[in-house]
Amino acid sequence: MTEPVFRYQPDPLATGSAMRIEHECSVCGQLRHIRYRGPIYGGQPETLCLHCIYSGEASRALGVVAVATDGSDILDMPAEFSDAIDVPHDVPHHVIEEITRRTPGFTGWQQESWP
């Protein structure tokens with residue numbers, strides 16, 4: 001099976017967000033040959049494949065439930081792979097969702113803002 005191609009992260013292997021290693025994905029249970037190793041803001045799986053990130057299944061499966069700080073509401077928060085801090089107001093919501101929930105993130109030291 002070919003690996004998915006991400007519009008905003010075209011080479012996760014080159015950026016270090018993924019590595020070639022045979023593993024069973026904790027989300028889909030499939031045997032895969034590339035494992036994600038970038039940041040996850042949500043549940044922490046033992047292993048994760050790029051297919052589950054691409055489809056959005058990883059964001060749904062690794063999401064967390066949190067209680068609002070004032071206790072007034074329960075929030076269902078999908079997992080994200082990049083943060084969306086200081087995103088310009090003219091960036092469409094669907095682009096933000098694609099970058100944060102369906103694109104591999106990357107780790108850096110004092111990195112640029114992803115969007």
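These are my notebook entries on a predicted model of one protein chain.

**Entry 1: overall layout**

I began with the secondary structure. The protein chain has 4 helices and 4 strands. Reading along the sequence, I noted the order α-β-β-α-α-β-β-α.

Next I looked up the overall dimensions. Along the principal axes, the C-alpha atoms fill a box of roughly 45 × 30 × 25 Å. The radius of gyration is 15 Å, and a compact globule of 115 residues would have one near 13 Å, so the two agree.

I then turned to burial and surface. Of the 115 residues, 33% are buried. The accessible surface comes to about 7400 Å². Carbon and sulfur atoms account for 51% of that surface. For contacts between residues at least 6 apart in sequence, I noted that 41% join residues at least 24 apart.

**Entry 2: hairpin of β1 and β2**

I took the strand pairs in turn. Strand β1 covers residues 18–24 and runs antiparallel to β2, with 5 bridges joining them. Strand β2 spans residues 31–36. Which residue in β2 stands opposite Met-19? I found Arg-35 there.

The two strands form a hairpin with 6 residues between them. In the turn, Gly-29 has a positive phi of about 75°.

**Entry 3: hairpin of β3 and β4**

Strand β3 is residues 64–67 and strand β4 is residues 74–77. They pair in the antiparallel sense over 4 bridges. I checked partners in the pairing. Val-64 stands opposite Met-77, and Val-67 stands opposite Ile-74.

This hairpin has 6 residues between its strands. Gly-71 takes a positive phi near 75° here.

**Entry 4: Val-67**

I stayed with Val-67, which is found in strand β3. Is Val-67 buried or exposed? Its relative accessibility is 57%, so I logged Val-67 as exposed, the cut-off being over 50%.

I listed its contacts, leaving aside neighbours within four places in sequence. Val-67 touches Asp-73 and Ile-74. Ile-74 is also the residue opposite Val-67 in β4.

I also looked up a distance across the model. Val-67 and Arg-7 are 34 Å apart, C-alpha to C-alpha. In sequence, 60 residues separate Val-67 from Arg-7.

**Entry 5: aromatic pairs**

How many aromatic pairs are there? I count 2 aromatic pairs. One is Phe-6 with Tyr-54: the ring centres are 5.5 Å apart and the planes stand at 75°, so the pair is edge-to-face. An angle over 60 degrees is what edge-to-face requires.

I placed both residues in the chain. Phe-6 lies in the segment before α1 (12–15), and Tyr-54 belongs to helix α2 (residues 50–55). The two are 48 residues apart in sequence, so the pair ties together separate parts of the chain. I checked accessibility for each partner. Phe-6 is buried, at 2% relative accessible area. Tyr-54 is partly exposed, at 45%.

Tyr-36 and Phe-81 also form an edge-to-face pair. Their rings are 5.6 Å apart centre to centre, with 85° between the planes. This pair links distant parts of the chain, 45 residues apart. Tyr-36 sits in strand β2. Phe-81 sits in the loop between β4 and α4 (93–101). Both Tyr-36 and Phe-81 are buried.

**Entry 6: cysteines**

I searched the whole structure for disulfides and found 0. Why is Cys-28 not bonded to Cys-52? Cys-52 holds the closest cysteine sulfur to that of Cys-28, but the gap is 3.7 Å, which is too far for a bond. A disulfide needs the sulfur atoms within 2.5 Å.

I checked Cys-49 as well. Its closest cysteine sulfur is in Cys-25, 3.6 Å away, and this too is too far for a bond.

Accessibility came last. Cys-28 is partly exposed, with a relative accessible area of 29%. Cys-49 is buried, at 0% relative accessibility.

Definitions and conventions:
Residues numbered from 1 in each chain as written. Predicted model: local features only at pLDDT ≥ 70, side-chain atom pairs only at ≥ 80, totals over all residues. Heavy atoms only, no water. Pairing = 2+ DSSP bridges. Phe/Tyr/Trp six-rings, centres within 6.5 Å; stacked < 30°, edge-to-face > 60°. Buried < 20%, exposed > 50% of the residue type's maximum accessible area, 1.4 Å probe, protein only. Contact = heavy atoms within 4.5 Å. Rg over C-alpha atoms; globule rule 2.2 N^0.38 Å. Areas by Shrake-Rupley, 256 points an atom, 1.4 Å probe, with all protein chains shown as cover.
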